[in-house]
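Hi,

Here is the structure I promised to pass on. Please open it alongside this note, and tell me if anything is unclear.

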Amino acid sequence: MRTLVMFHPDCLEHLPGPGHPESPERLHVVMRALWEPEFAGLAWREAPRGSREQLLLVHDADYVDTVAALAPLEGTAVLDGGDTVMSRGSLDAVMRCVGAACAGVDAVLAGEADNVFCATRPCGHHAEPDRAMGFCIFNQVAIAARHALHAHGLARVAVIDFDVHHGNGTQAAFHAEPRLFFGSSHQSPLYPGTGAASEHGGSNNIVNVPLPPGCGSQAFRNSVAMRLLPALRAFAPELILVSAGFDAHRLDPLAQMELDDEDFGWITREVMAIAADVCGGRIVSVLEGGYSGAGLAGGCAAHVRALMGR
Ligand SMILES: [Zn+2]
């Protein structure tokens, strides 16, 4: 498999402040993991800057303008009750996140790579069309899905989200759009409180698999295999995007789902098997959460190893 990693150093310049879990160190951890000799076969590309037009595929113009106006020249500005803050470099960072995800879609649809991993931050899946939430400012995975419809004319695009938190923002962006599918496994109860199994979306295009704290590997794999993967296959997407959070890892300080490194490799290979059957293997994965250094490094390495076909 030819796997491309999208990255830009601007993503290190979003500085939410001392003690904030979504720190630049997260991206350093990912980069160190992917610089190991076993990943020498990865291709790397600098992420372009996303555009306002891409933001408007998902976000309200008023919200986009508000974020741009709030971006501080020094210190931090609060977007969401203290959870989501902007520093001087935040706008550049989030625009690289959006650009990376959209350029990743362009690359796999052009056949330049089999799959793509966007090593970018901050995460995006909690950001709703009109508001920031949970460390997320713009929703790059939802934007990339809309970009695939809008710029490439695809008819069906799916997002699989295995971050331990429910991707409420992606669900909100996809709610009434039958061309988009959202499937999520997540811990419940946990922030943000959405993602009940009864939430199916306005077009029966959403599948939520909530799992209890402490569920562990076997319950995770069984539930994903029985409820998420068959729905993904039935939707027959032309492109699969992944919200790849690694905070379901047993070492993560923010959740208790108790997964191991290899569970992230397992779900990646399962999604790849469906992608191989229905969409020529085309996958674009976007980094979401993961707040334990060792858990993020191990989970992300297992994920990218699988993307490389190992
Ligand atoms: Zn998360």
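Below is what I found, beginning with the metal site.

First, some housekeeping. This is a predicted model, in which local features need pLDDT of at least 70 and side-chain atom pairs count only at pLDDT 80 or more, while totals for chains, interfaces and linings use all residues. Residues are numbered from 1 along each chain as its sequence is written, and side-chain values use heavy atoms, with hydrogens and water left out.

**The zinc site**

The zinc ion has its protein donors in Asp163 (OD, listed twice), His165 (ND1) and Asp247 (OD), at 2.0 to 2.8 Å. Donors here are N, O and S atoms within 2.8 Å of the metal (3.2 Å for Na, K and Ca), and since water is not among the atoms, sites may look incomplete. The angles subtended by the 4 donor atoms run from 53 to 153°, which makes the arrangement irregular. For four donors, tetrahedral would need all angles between 85 and 135 degrees, and square planar would need opposite donors over 155 degrees apart and all others between 65 and 115.

Along the sequence, the donor residues follow the spacing D-x1-H-x81-D. Asp163 sits in the loop between β6 (157-161) and α6 (168-174), and Asp247, 84 residues apart from it, in the loop between β9 (239-244) and α8 (261-278), so the pair links distant parts of the chain. Helices (H or I, at least four residues) and strands (E, at least two) are DSSP runs, numbered from the N terminus.

Asp163 counts as buried, with 1% relative accessibility, and so does Asp247, with 0%. Buried means under 20% relative accessible area, exposed over 50%, and partly exposed in between (1.4 Å probe, protein chains only).

**Asp263**

Asp263 is part of helix α8 and is buried at 1% relative accessibility. Its side chain makes a polar contact of 2.7 Å with that of Arg221; such a contact is a pair of N or O atoms within 3.5 Å, where within protein one must be able to donate a hydrogen and the other to accept it, and residues adjacent in sequence count only if both atoms are side-chain atoms. The Asp263 side chain also reaches the backbone nitrogen of Asp260 at 2.8 Å.

**Helix α1**

In helix α1 (residues 24-34), 8 of the 11 residues are buried, so the rest of the structure largely encloses it. Among the buried ones are Leu27, Val30 and Leu34.

Best wishes

Note on methods
Tetrahedral: all angles 85-135°; square planar, octahedral: opposite > 155°, others 65-115°.
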